[in-house]
Amino acid sequence: MSTTSKTLTFDTSTSRANPTPKPMKRLSVPKIRQRKGGEPLVMLTAYTVRMAQLLDPECDMLLVGDSLGQVIYGLPHTVAVTMEMMIAHGAAVVRGSYHAAVIVDMPFGSYEASPQQAFENASNLLKHTGAAAIKIEGGKVLAPTVEFLTKRGIPVMAHVGLTPQAINILGGYGVRGKSDEEARSIVDDAIALSEAGAFGLVIEGVLEPIAIEITEKVACPTIGIGASAQCDGQVLVSEDMLGLFDRTPKFVKRYGMMSENVQESVRKYADEVRSRIFPSRDQLYGSVESE
Ligand code: KIV
(Lines give C-alpha, C1' and ligand atoms only; values in the text may rest on other atoms or scores of the structure.)
Protein backbone atom coordinates (compact mmCIF):
# COMPACT_ATOMS: atom_id res chain seq x y z
CA MET A 1 0.00 0.00 0.00
CA SER A 2 1.32 3.46 -0.87
CA THR A 3 0.28 6.78 0.61
CA THR A 4 1.14 10.06 -1.06
CA SER A 5 2.06 13.14 0.93
CA LYS A 6 2.34 16.58 -0.63
CA THR A 7 5.96 16.26 -1.58
CA LEU A 8 7.02 12.63 -1.28
CA THR A 9 5.67 9.23 -2.17
CA PHE A 10 6.20 6.81 0.66
CA ASP A 11 6.15 3.11 0.05
CA THR A 12 4.56 2.05 3.30
CA SER A 13 5.16 -1.63 2.58
CA THR A 14 8.76 -0.99 3.52
CA SER A 15 7.63 0.86 6.67
CA ARG A 16 10.66 3.13 6.69
CA ALA A 17 11.14 6.79 7.35
CA ASN A 18 12.94 7.28 4.06
CA PRO A 19 11.04 7.42 0.80
CA THR A 20 11.72 4.42 -1.40
CA PRO A 21 12.70 5.48 -4.91
CA LYS A 22 10.34 3.94 -7.40
CA PRO A 23 10.60 1.37 -8.92
CA MET A 24 12.78 -0.11 -6.17
CA LYS A 25 10.99 -2.52 -3.89
CA ARG A 26 12.54 -3.87 -0.76
CA LEU A 27 12.63 -7.65 -0.72
CA SER A 28 10.20 -9.06 1.83
CA VAL A 29 10.64 -12.07 4.08
CA PRO A 30 7.98 -14.12 2.21
CA LYS A 31 9.80 -13.38 -1.08
CA ILE A 32 13.03 -14.63 0.45
CA ARG A 33 11.31 -17.79 1.68
CA GLN A 34 10.03 -18.43 -1.84
CA ARG A 35 13.61 -18.56 -3.12
CA LYS A 36 14.13 -22.02 -1.54
CA GLY A 37 15.71 -24.17 -4.24
CA GLY A 38 15.66 -21.24 -6.71
CA GLU A 39 18.07 -18.47 -7.63
CA PRO A 40 20.73 -18.39 -4.89
CA LEU A 41 20.28 -15.69 -2.25
CA VAL A 42 23.07 -13.12 -1.92
CA MET A 43 23.73 -11.86 1.59
CA LEU A 44 26.56 -9.72 2.97
CA THR A 45 27.12 -8.03 6.30
CA ALA A 46 26.73 -4.26 6.58
CA TYR A 47 27.14 -2.07 9.63
CA THR A 48 27.15 1.49 8.28
CA VAL A 49 25.10 3.69 5.96
CA ARG A 50 27.74 4.04 3.25
CA MET A 51 28.51 0.33 3.08
CA ALA A 52 24.78 -0.40 2.96
CA GLN A 53 24.41 2.02 0.02
CA LEU A 54 27.25 0.32 -1.83
CA LEU A 55 26.13 -3.26 -1.18
CA ASP A 56 22.36 -2.85 -1.44
CA PRO A 57 21.85 -2.99 -5.21
CA GLU A 58 23.58 -6.38 -5.49
CA CYS A 59 22.29 -8.03 -2.33
CA ASP A 60 19.03 -9.76 -1.46
CA MET A 61 19.74 -9.47 2.25
CA LEU A 62 21.99 -7.23 4.33
CA LEU A 63 22.94 -8.75 7.66
CA VAL A 64 23.78 -6.40 10.50
CA GLY A 65 25.84 -9.13 12.10
CA ASP A 66 27.11 -9.01 15.66
CA SER A 67 30.47 -9.60 13.98
CA LEU A 68 30.49 -5.79 14.14
CA GLY A 69 31.87 -6.34 17.64
CA GLN A 70 35.13 -7.47 16.10
CA VAL A 71 35.05 -5.59 12.79
CA ILE A 72 33.92 -2.17 14.05
CA TYR A 73 34.68 -2.18 17.78
CA GLY A 74 37.82 -4.32 17.97
CA LEU A 75 36.33 -6.68 20.54
CA PRO A 76 37.89 -10.14 20.92
CA HIS A 77 34.54 -11.86 20.21
CA THR A 78 30.83 -11.15 19.92
CA VAL A 79 29.89 -11.87 23.53
CA ALA A 80 30.25 -8.22 24.60
CA VAL A 81 28.10 -6.82 21.78
CA THR A 82 25.11 -4.88 23.15
CA MET A 83 21.57 -4.17 22.09
CA GLU A 84 22.46 -0.47 21.78
CA MET A 85 25.17 -1.29 19.23
CA MET A 86 22.82 -3.48 17.19
CA ILE A 87 20.10 -0.81 17.21
CA ALA A 88 22.45 2.00 16.17
CA HIS A 89 24.03 0.03 13.32
CA GLY A 90 20.78 -1.65 12.29
CA ALA A 91 19.07 1.72 11.89
CA ALA A 92 22.03 3.04 9.88
CA VAL A 93 21.90 0.09 7.48
CA VAL A 94 18.14 0.45 7.01
CA ARG A 95 18.65 4.15 6.23
CA GLY A 96 21.30 3.27 3.67
CA SER A 97 19.35 0.62 1.78
CA TYR A 98 16.25 0.42 -0.38
CA HIS A 99 16.31 -2.97 -2.00
CA ALA A 100 17.68 -5.67 0.31
CA ALA A 101 15.87 -7.07 3.32
CA VAL A 102 17.78 -6.01 6.43
CA ILE A 103 18.27 -8.64 9.12
CA VAL A 104 19.75 -7.73 12.50
CA ASP A 105 21.52 -10.09 14.87
CA MET A 106 20.18 -10.38 18.41
CA PRO A 107 23.20 -9.94 20.68
CA PHE A 108 24.30 -12.60 23.15
CA GLY A 109 22.14 -12.55 26.29
CA SER A 110 19.16 -10.84 24.67
CA TYR A 111 17.08 -13.91 23.71
CA GLU A 112 18.27 -17.12 25.36
CA ALA A 113 16.49 -16.87 28.72
CA SER A 114 12.92 -17.21 27.46
CA PRO A 115 10.65 -16.60 24.48
CA GLN A 116 9.27 -13.58 26.37
CA GLN A 117 12.73 -12.07 26.81
CA ALA A 118 13.39 -12.68 23.12
CA PHE A 119 10.10 -11.04 22.10
CA GLU A 120 10.74 -7.95 24.19
CA ASN A 121 14.20 -7.43 22.74
CA ALA A 122 13.39 -8.49 19.17
CA SER A 123 10.37 -6.19 18.98
CA ASN A 124 12.54 -3.32 20.23
CA LEU A 125 15.15 -4.13 17.64
CA LEU A 126 12.60 -4.06 14.81
CA LYS A 127 10.91 -0.92 16.20
CA HIS A 128 14.10 1.09 16.49
CA THR A 129 15.83 -0.06 13.30
CA GLY A 130 13.06 -0.62 10.75
CA ALA A 131 14.70 -3.97 9.90
CA ALA A 132 12.65 -6.83 8.45
CA ALA A 133 13.82 -9.65 10.69
CA ILE A 134 16.16 -10.76 13.42
CA LYS A 135 18.73 -13.57 13.58
CA ILE A 136 19.51 -15.77 16.58
CA GLU A 137 22.22 -18.37 17.11
CA GLY A 138 21.61 -21.79 18.60
CA GLY A 139 19.99 -25.19 18.26
CA LYS A 140 16.71 -26.90 18.93
CA VAL A 141 16.53 -25.51 22.45
CA LEU A 142 15.51 -22.26 20.75
CA ALA A 143 12.76 -23.80 18.61
CA PRO A 144 10.01 -22.67 21.05
CA THR A 145 11.44 -19.14 20.88
CA VAL A 146 11.41 -19.18 17.07
CA GLU A 147 7.79 -20.32 17.11
CA PHE A 148 6.83 -17.73 19.76
CA LEU A 149 8.36 -14.84 17.80
CA THR A 150 7.14 -15.96 14.39
CA LYS A 151 3.56 -16.33 15.61
CA ARG A 152 3.75 -12.80 17.02
CA GLY A 153 4.97 -11.05 13.89
CA ILE A 154 8.74 -11.30 14.18
CA PRO A 155 10.46 -13.17 11.34
CA VAL A 156 13.41 -15.18 12.58
CA MET A 157 16.52 -16.33 10.77
CA ALA A 158 18.22 -19.10 12.73
CA HIS A 159 21.99 -19.82 12.80
CA VAL A 160 23.41 -23.31 13.36
CA GLY A 161 26.74 -25.13 13.19
CA LEU A 162 29.53 -22.87 14.35
CA THR A 163 27.75 -20.33 16.54
CA PRO A 164 30.32 -17.68 17.53
CA GLN A 165 28.32 -16.40 20.52
CA ALA A 166 29.01 -19.79 22.14
CA ILE A 167 32.79 -19.24 21.95
CA ASN A 168 33.19 -19.76 25.70
CA ILE A 169 31.60 -23.19 25.40
CA LEU A 170 33.18 -24.17 22.06
CA GLY A 171 36.67 -22.93 22.90
CA GLY A 172 37.43 -21.91 19.31
CA TYR A 173 36.09 -21.23 15.84
CA GLY A 174 36.99 -24.60 14.30
CA VAL A 175 34.73 -26.48 11.90
CA ARG A 176 31.78 -28.23 13.55
CA GLY A 177 30.25 -31.66 12.97
CA LYS A 178 33.39 -33.78 12.88
CA SER A 179 31.88 -36.53 15.00
CA ASP A 180 28.80 -38.44 13.86
CA GLU A 181 27.05 -37.39 17.04
CA GLU A 182 27.69 -33.69 16.52
CA ALA A 183 26.81 -33.90 12.82
CA ARG A 184 23.47 -35.53 13.69
CA SER A 185 22.77 -32.95 16.37
CA ILE A 186 23.40 -30.02 13.94
CA VAL A 187 21.03 -31.55 11.37
CA ASP A 188 18.41 -32.08 14.10
CA ASP A 189 18.83 -28.47 15.26
CA ALA A 190 18.27 -27.19 11.73
CA ILE A 191 15.16 -29.29 11.19
CA ALA A 192 13.65 -28.25 14.54
CA LEU A 193 14.28 -24.55 13.90
CA SER A 194 12.87 -24.71 10.38
CA GLU A 195 9.79 -26.58 11.60
CA ALA A 196 9.35 -23.96 14.32
CA GLY A 197 8.98 -21.32 11.61
CA ALA A 198 12.43 -19.89 10.86
CA PHE A 199 12.25 -18.22 7.43
CA GLY A 200 15.94 -18.81 6.79
CA LEU A 201 18.85 -20.66 8.29
CA VAL A 202 22.50 -19.63 8.37
CA ILE A 203 24.75 -22.70 8.39
CA GLU A 204 28.24 -21.71 9.48
CA GLY A 205 31.50 -23.67 9.59
CA VAL A 206 30.38 -27.28 9.14
CA LEU A 207 31.60 -30.21 7.08
CA GLU A 208 29.98 -29.91 3.66
CA PRO A 209 27.79 -33.07 3.78
CA ILE A 210 26.02 -31.64 6.83
CA ALA A 211 25.10 -28.45 4.97
CA ILE A 212 23.91 -30.46 1.97
CA GLU A 213 21.77 -32.73 4.14
CA ILE A 214 20.22 -29.76 5.96
CA THR A 215 19.52 -27.93 2.69
CA GLU A 216 17.74 -31.00 1.35
CA LYS A 217 15.73 -31.57 4.52
CA VAL A 218 14.53 -28.13 5.62
CA ALA A 219 11.70 -26.13 4.08
CA CYS A 220 13.37 -22.73 4.47
CA PRO A 221 16.34 -21.39 2.47
CA THR A 222 19.77 -22.17 3.90
CA ILE A 223 22.50 -19.54 3.76
CA GLY A 224 25.99 -20.96 3.90
CA ILE A 225 29.22 -19.55 5.29
CA GLY A 226 31.97 -22.13 5.24
CA ALA A 227 29.24 -24.67 4.44
CA SER A 228 28.40 -25.65 0.83
CA ALA A 229 27.75 -24.14 -2.62
CA GLN A 230 24.57 -26.22 -2.56
CA CYS A 231 23.04 -24.00 0.13
CA ASP A 232 20.21 -21.78 -1.07
CA GLY A 233 22.40 -18.71 -0.62
CA GLN A 234 25.73 -17.48 0.74
CA VAL A 235 26.84 -14.89 3.26
CA LEU A 236 30.23 -13.41 4.04
CA VAL A 237 31.48 -10.62 6.26
CA SER A 238 31.92 -7.82 3.72
CA GLU A 239 35.22 -6.61 5.15
CA ASP A 240 36.60 -10.17 4.77
CA MET A 241 35.61 -10.53 1.13
CA LEU A 242 36.70 -6.96 0.30
CA GLY A 243 40.15 -7.69 1.71
CA LEU A 244 40.22 -5.33 4.68
CA PHE A 245 42.06 -7.77 6.89
CA ASP A 246 45.46 -9.40 6.44
CA ARG A 247 44.20 -12.84 7.45
CA THR A 248 41.85 -14.65 5.10
CA PRO A 249 40.05 -17.59 6.72
CA LYS A 250 39.65 -20.72 4.54
CA PHE A 251 35.94 -20.11 3.91
CA VAL A 252 36.50 -16.56 2.65
CA LYS A 253 37.24 -15.63 -0.94
CA ARG A 254 38.79 -12.20 -1.38
CA TYR A 255 37.10 -10.14 -4.09
CA GLY A 256 38.95 -6.91 -3.30
CA MET A 257 42.10 -5.43 -1.81
CA MET A 258 40.58 -2.87 0.52
CA SER A 259 43.45 -2.73 3.01
CA GLU A 260 46.03 -2.24 0.25
CA ASN A 261 43.90 0.47 -1.39
CA VAL A 262 43.46 2.30 1.92
CA GLN A 263 47.14 2.02 2.86
CA GLU A 264 48.27 3.23 -0.57
CA SER A 265 45.85 6.19 -0.51
CA VAL A 266 46.88 7.20 3.01
CA ARG A 267 50.56 6.90 2.08
CA LYS A 268 50.04 9.28 -0.89
CA TYR A 269 48.03 11.72 1.25
CA ALA A 270 50.70 11.75 3.98
CA ASP A 271 53.47 12.34 1.37
CA GLU A 272 51.52 15.19 -0.20
CA VAL A 273 50.76 16.87 3.14
CA ARG A 274 54.40 16.60 4.19
CA SER A 275 55.64 18.00 0.87
CA ARG A 276 52.88 20.69 0.73
CA ILE A 277 51.49 19.32 -2.56
CA PHE A 278 48.09 19.00 -0.88
CA PRO A 279 46.02 21.13 -0.78
CA SER A 280 46.60 22.60 -4.24
CA ARG A 281 44.73 25.50 -5.91
CA ASP A 282 41.93 23.07 -6.90
CA GLN A 283 41.00 22.40 -3.29
CA LEU A 284 41.24 26.01 -2.02
CA TYR A 285 38.76 28.87 -1.95
CA GLY A 286 41.34 31.55 -2.78
CA SER A 287 40.47 35.19 -2.23
CA VAL A 288 37.11 36.96 -2.09
CA GLU A 289 37.70 38.23 -5.64
CA SER A 290 38.42 34.79 -7.15
CA GLU A 291 35.37 33.09 -5.62
O1 KIV B 1 27.67 -11.87 12.78
C2 KIV B 1 27.77 -12.18 11.59
O3 KIV B 1 28.34 -11.47 10.77
C4 KIV B 1 27.20 -13.46 11.17
C5 KIV B 1 27.56 -13.97 9.82
C6 KIV B 1 28.98 -14.31 9.72
C7 KIV B 1 26.67 -15.07 9.40
O8 KIV B 1 26.49 -14.05 11.93
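Here is a short walk through this predicted model, beginning with the ligand site and ending with the cysteines.

Let's start where the ligand sits. The space that the ligand takes is the largest pocket. Following the chain in order, the residues around the ligand begin with Thr45, Leu63, Gly65, Asp66, Ser67 and Asp105. The list then continues with Lys135, His159, Val202, Ile225, Val235 and Val237. If you sort this shell by chemical character, you get five nonpolar residues, four polar ones and three charged ones.

Now zoom in on the polar side chains that approach the ligand's oxygen atoms. Ser67 places a polar side-chain atom 2.5 Å from a ligand oxygen. For Lys135, an N or O atom of the side chain is 2.9 Å from an oxygen atom of the ligand. Asp66 also takes part, with 3.0 Å between a side-chain N or O atom and a ligand oxygen. As for how much of the ligand is covered, the ligand taken alone exposes 260 Å², and the protein buries 95% of that area.

With the ligand site in view, let's turn to the cysteines. How many disulfides does the model contain? The count comes to zero. To see why, remember that a disulfide requires two cysteine sulfur atoms within 2.5 Å. Take Cys59: the closest cysteine sulfur to its own is in Cys231, and because 17 Å separates the two, they are too far apart for a bond. Cys231 itself has a closer candidate in Cys220, the closest cysteine sulfur to its own, but that distance is 11 Å, so this pair is too far apart for a bond as well.

Are these two cysteines, Cys59 and Cys231, buried or exposed? Cys59 is buried, with a relative accessibility of 1%. Cys231 is buried too, at a relative accessible area of 6%.

How values were computed. Residues are numbered from 1 along each chain as its sequence is written. This is a predicted model: local features need pLDDT of at least 70, side-chain atom pairs count only at pLDDT 80 or more; totals for chains, interfaces and linings use all residues. Side-chain values use heavy atoms; hydrogens and water are left out. Buried means under 20% relative accessible area, exposed over 50%, partly exposed in between (1.4 Å probe, protein chains only). A residue is near a molecule or strand if one of its heavy atoms lies within 4 Å of it. A polar contact is a pair of N or O atoms within 3.5 Å; within protein, one must be able to donate a hydrogen and the other to accept it, and residues adjacent in sequence count only if both atoms are side-chain atoms. Accessible areas come from the Shrake-Rupley method with a 1.4 Å probe; for residues, only the protein chains shown count as cover. On a 1 Å grid over the protein atoms alone, a cavity is a set of points where a 1.4 Å probe fits but cannot get out, and a pocket is an open set with protein on both sides within 12 Å along at least five of seven lines; lining residues have an atom within 4 Å of a point. A molecule sits in a cavity or pocket if more than half of its atoms lie within 2 Å of its grid points. Ala, Val, Leu, Ile, Met, Phe, Trp, Tyr, Cys and Pro count as nonpolar, Asp, Glu, Lys and Arg as charged, and the others, Gly among them, as polar.
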